[in-house]
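I opened this model to look up a few local features one by one. My entries follow in the order in which I checked them.

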Amino acid sequence: MQKTVLVVGAGPAGLAAAAGVAASGAQAVLVEKAAKLGGTPILSGYAKLVPSGEWARDAMGRMVKRVEDSKNVTIHKETKVTKLTGEAGNFTATLSNGKTVECASVILATGFTHFDSINKPEWGFGSFEDVVTTTQVEQMVAAGKVACPSDGRVPERVAILLCVGSRDRQIGREWCSKICCTVSTNLAMEIKELSPTTDVFIYYMDIRTFGLYEDRFYWKSQEEFKTKFVKARIAEVTRSPDGRLLVKGEDTLVKRPIVIPMDMVVHAVGMDPNEDNPEIARVFGIGLEKHGFIDRAEHYTNTCGTTRRGIYAVGAALAPETIDDSISQGTAAALRAVADLDALVQKGA
């Protein structure tokens with residue numbers, strides 16, 4: 001029986017899982033397909049994280065340093081798992097760099113893929129340069145300036161459109177992406193901090209700033225930063241003769257059509273299943289649920305379990321998830337994987 005846990009993916013959940021395994025005294029092997037550790041917050045250039053307000057580079061930097069400094073963690077970057085054989089307690093993983101890992105269990109922290117706004121063409125992305133995504137605006141905030149890509153001017157009016165790639169059966173996205181409302185209200189405040197004269201509008205079907213986020217983001221963005229919330233159904237984004245963008249749709253509270261001029265329109269993009277999930281399912285011999293996320297086992301007594309014994313999944317690999325909950329799940333999976341090691345030892349495996 002191997003005393004090693006294989007962790008796949010080095011985002012928030014994977015880094016937490018590897019650190020948890022290492023802290024227990026067991027060995028963790030961390031495999032990451034990118035050249036950098038830190039996952040989407042680092043690779044996509046996020047600004048300040050929700051809800052802490054800490055810069056992503058600083059928060060994720062601490063998590064990365066913790067595993068890089070651990071003598072119990074072996075790291076493989078720019079690497080994938082190409083094959084997994086064996087069973088719980090005695091897996092053999094073949095890596096794309098030619099190495100093999102003998103491990104007792106596997107934790108999949110393989111994350112998600114951002115929705116591609118090209119799949120929502122009526123809302124202007126790909127047609128108009130000043131229609132951007134929340135990820136692009138995060139990068140602007142991290143760089144210290146929010147500007148229209150077309151000409152570099154600071155926008156006077158910014159519209160953030162919620163549920164782009166979420167809660168939309170017409171394009172096969174039947175799920176809520178959980179974090180978009182909160183991220184968007186936070187982004188509205190960050191835009192105002194950099195450009196106090198910019199008016200920010202959020203167009204929404206429903207607002208889902210769950211738990212304590214309601215007060216810290218939804219109300220704060222309205223009362224302190226004067227974000228304007230409009231309950232609406234957006235039909236399309238076009239351009240007026242003077243070059244400004246036009247947001248067209250229906251104000252669903254007063255039941256009237258709207259045509260609102262904007263300098264920049266932001267798509268609050270949802271969380272799709274990782275585009276690699278079909279390959280991940282094949283390599284690890286696990287199932288996917290109907291939307292394409294990794295399928296989970298019976299949850300209450302097999303926390304983080306998948307459809308194959310000894311293989312666990314955490315964070316946005318299972319469903320849209322917050323960074324904080326992804327970290328908690330990574331730690332929980334580490335505890336479960338180490339508990340499995342102890343159980344196998346007691347059985348003489």
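Which residues of helix α7 (residues 277-284) are buried? I list Asn277, Ile280, Ala281, Val283 and Phe284. I note here that the model is a predicted one. I then looked for what lies over these buried residues, and the cover includes strands β1 (4-8), β4 (81-87), β7 (105-108), β16 (271-273) and β17 (311-313). After α7 comes Gly285, and I read a positive phi for Gly285, near 65 degrees.

Next entry: the β5/β6 hairpin. I find that β5 (residues 90-95) pairs with β6 in the antiparallel sense, over four bridges. I took one bridge as an example: Thr92 has Glu102 in β6 as its partner. Four residues separate β5 and β6 in the hairpin. In that turn I noted Gly98, which has a positive phi of about 90 degrees. I also checked the faces of β6 (residues 100-103): Val101 and Cys103 are on the covered face, while Thr100 and Glu102 are on the uncovered one. Glu102, the partner of Thr92, is thus listed on the uncovered face of β6.

Next entry: cavities. How many cavities of 30 Å³ or more are there? I count one. The space in the largest cavity is about 90 Å³. Its lining consists of Leu162, Cys163, Ser166, Arg167, Cys176, Ser177, Lys178, Ile179, Cys180, Cys181, Asp206 and Arg208. Two elements, β10 (157-164) and α5 (180-194), each give two or more residues to this lining. Sorted by class, I get six nonpolar, two polar and four charged residues in the lining.

Next entry: cysteines. The cavity lining includes Cys176, Cys180 and Cys181, and I wanted to know about bonds. The structure has zero disulfides. Why is Cys176 not bonded to Cys181? The closest cysteine sulfur to that of Cys176 is in Cys181, and at 6.4 Å it is too far for a bond. For Cys180 the closest cysteine sulfur is in Cys176, at 6.7 Å, which is again too far for a bond. I also compared their exposure: Cys176 is partly exposed, with a relative accessible area of 32%, whereas Cys180 counts as buried at 10%.

Next entry: Val230. I place Val230 in strand β12 (residues 228-239). Is Val230 buried or exposed? Val230 counts as buried because its relative accessibility is 16%, and the cut-off for buried is under 20%. Setting aside neighbours within four places in sequence, I find Val230 in contact with Ile202, Tyr203, Tyr204 and Asp251. I also took one C-alpha distance: Val230 and Leu253 are 23 residues apart along the chain, and their C-alpha atoms are separated by 8.5 Å.

Last entry: Thr134. Thr134 belongs to helix α4 (residues 134-143). With a relative accessibility of 8%, Thr134 counts as buried. What does Thr134 touch, not counting residues up to four places away in sequence? I find Ser184, Leu187, Val266, His267, Ala268 and Val269. Of these, Ser184 and Leu187 fall within the range of α5 (180-194), the helix I had already met at the cavity lining.

Conventions
Residues numbered from 1 in each chain as written. Predicted model: local features only at pLDDT ≥ 70, side-chain atom pairs only at ≥ 80, totals over all residues. Heavy atoms only, no water. Buried < 20%, exposed > 50% of the residue type's maximum accessible area, 1.4 Å probe, protein only. Pairing = 2+ DSSP bridges. 1 Å grid on protein atoms, 1.4 Å probe; cavity = no way out; pocket = protein on both sides within 12 Å on 5 of 7 lines; lining within 4 Å. Points joined across faces, edges and corners; volume = space filled by probe spheres on them. Nonpolar A, V, L, I, M, F, W, Y, C, P; charged D, E, K, R; others polar. Contact = heavy atoms within 4.5 Å. Disulfide = S-S within 2.5 Å.
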